[in-house]
Amino acid sequence: MLLALHKRHQQSNYPVYTTLAGFTEAGESLAACIEREVFEEVGIKFKNIQYVSSQPWRFPHSL
């Protein structure tokens, strides 16, 4: 599991760590989306991604 400390919370007395989030592009697999989003947000490249579960979102057709 990867938690990130957002820039706006770094100077806080109570830092807030959150999971990463993003949107899947049209035609993109979930594994490719995760790889891209993690690299965009924290600059880490990795392989062997395993899907465990997802959280429903209020928007239609969302994971």
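Here are some short worked exercises on this predicted model.

Ground rules before starting: residues are numbered from 1 along each chain as its sequence is written. Because the model is predicted, local features need pLDDT of at least 70 and side-chain atom pairs count only at pLDDT 80 or more, while totals for chains, interfaces and linings use all residues, and side-chain values use heavy atoms, with hydrogens and water left out.

**Exercise 1. Confidence**

Task: Find the mean pLDDT of the chain, and say where confidence is lowest and where it is highest.

Solution:
- Step 1. pLDDT is the predictor's confidence in each residue, from 0 to 100. The chain averages 82, and 94% of the residues score at least 70.
- Step 2. Now go by element, where helices (H or I, at least four residues) and strands (E, at least two) are DSSP runs, numbered from the N terminus. Confidence bottoms out in strand E1 (residues 3-5) with a mean of 84, and H1 has the highest, at 89.

**Exercise 2. The geometry of H1**

Task: Check the span of H1 against what its 13 residues should give, then work out where its buried residues point.

Solution:
- Step 1. Helix H1 covers residues 30-42. The expected span of a helix is 1.5 Å times one less than its number of residues. For the 13 residues of H1 that should come to 18 Å, and the end C-alpha atoms are indeed 18 Å apart.
- Step 2. Use the accessibility classes: buried is under 20% relative accessible area, exposed is over 50%, and partly exposed is in between (1.4 Å probe, protein chains only). The buried residues of H1 are Cys33, Glu37 and Val38.
- Step 3. Look down the axis of H1: its buried residues fall within an arc of 120 degrees, so they line one face of the helix. The arc here is that of the directions from the helix axis to the C-beta atoms.
- Step 4. For contrast, try alanine 31, which sits in H1. Alanine 31 counts as partly exposed because its relative accessibility is 37%. Its C-alpha is 16 Å from that of glutamate 41, 10 residues apart along the chain.

**Exercise 3. Following the charges**

Task: How many salt bridges are there, and which residues do they join into one network?

Solution:
- Step 1. Side chains of opposite charge can pair when their charged atoms come close. The rule used is a side-chain nitrogen of Lys or Arg within 4 Å of a carboxyl oxygen of Asp or Glu, and the count comes to three.
- Step 2. Take arginine 36, partly exposed because its relative accessible area is 21%. Its partners are:
  - glutamate 28, with the closest N and O atoms 2.8 Å apart;
  - glutamate 37, at 3.1 Å, N to O;
  - glutamate 40, with the closest N and O atoms 3.3 Å apart.
- Step 3. Glutamate 40 and arginine 36 are four residues apart in helix H1, so about one helical turn separates them. Glutamate 40 is exposed because its relative accessible area is 52%.
- Step 4. Put it together: shared partners join Glu28, Arg36, Glu37 and Glu40 into one network.

**Exercise 4. Two glutamates and their surroundings**

Task: Which residues do glutamate 28 and glutamate 37 touch, and which backbone nitrogens lie by their side chains?

Solution:
- Step 1. Glutamate 28 lies in the loop between strand E2 (17-19) and H1. Contact means heavy atoms within 4.5 Å. Not counting residues up to four places away in sequence, glutamate 28 touches Phe23, Cys33 and Arg36.
- Step 2. A polar atom of the glutamate 28 side chain lies 2.8 Å from the backbone nitrogen of glutamate 25.
- Step 3. Glutamate 37 belongs to H1 and counts as buried because its relative accessibility is 13%. Leaving aside neighbours within four places in sequence, glutamate 37 is in contact with Ala21, Gly22 and Phe23.
- Step 4. The backbone nitrogen of phenylalanine 23 lies 3.4 Å from a polar atom of the glutamate 37 side chain.

**Exercise 5. Positive phi**

Task: What are the phi values of glycine 43 and asparagine 48?

Solution:
- Step 1. Glycine 43 follows H1, and its phi is positive, near 75 degrees.
- Step 2. Most residues other than glycine have a negative phi. Asparagine 48 has a positive value, near 60 degrees.
- Step 3. Asparagine 48 lies in the segment after H1 and counts as exposed because its relative accessibility is 73%.

Terms used. Polar contact = N/O pair within 3.5 Å; in protein donor to acceptor, adjacent residues only side chain to side chain.
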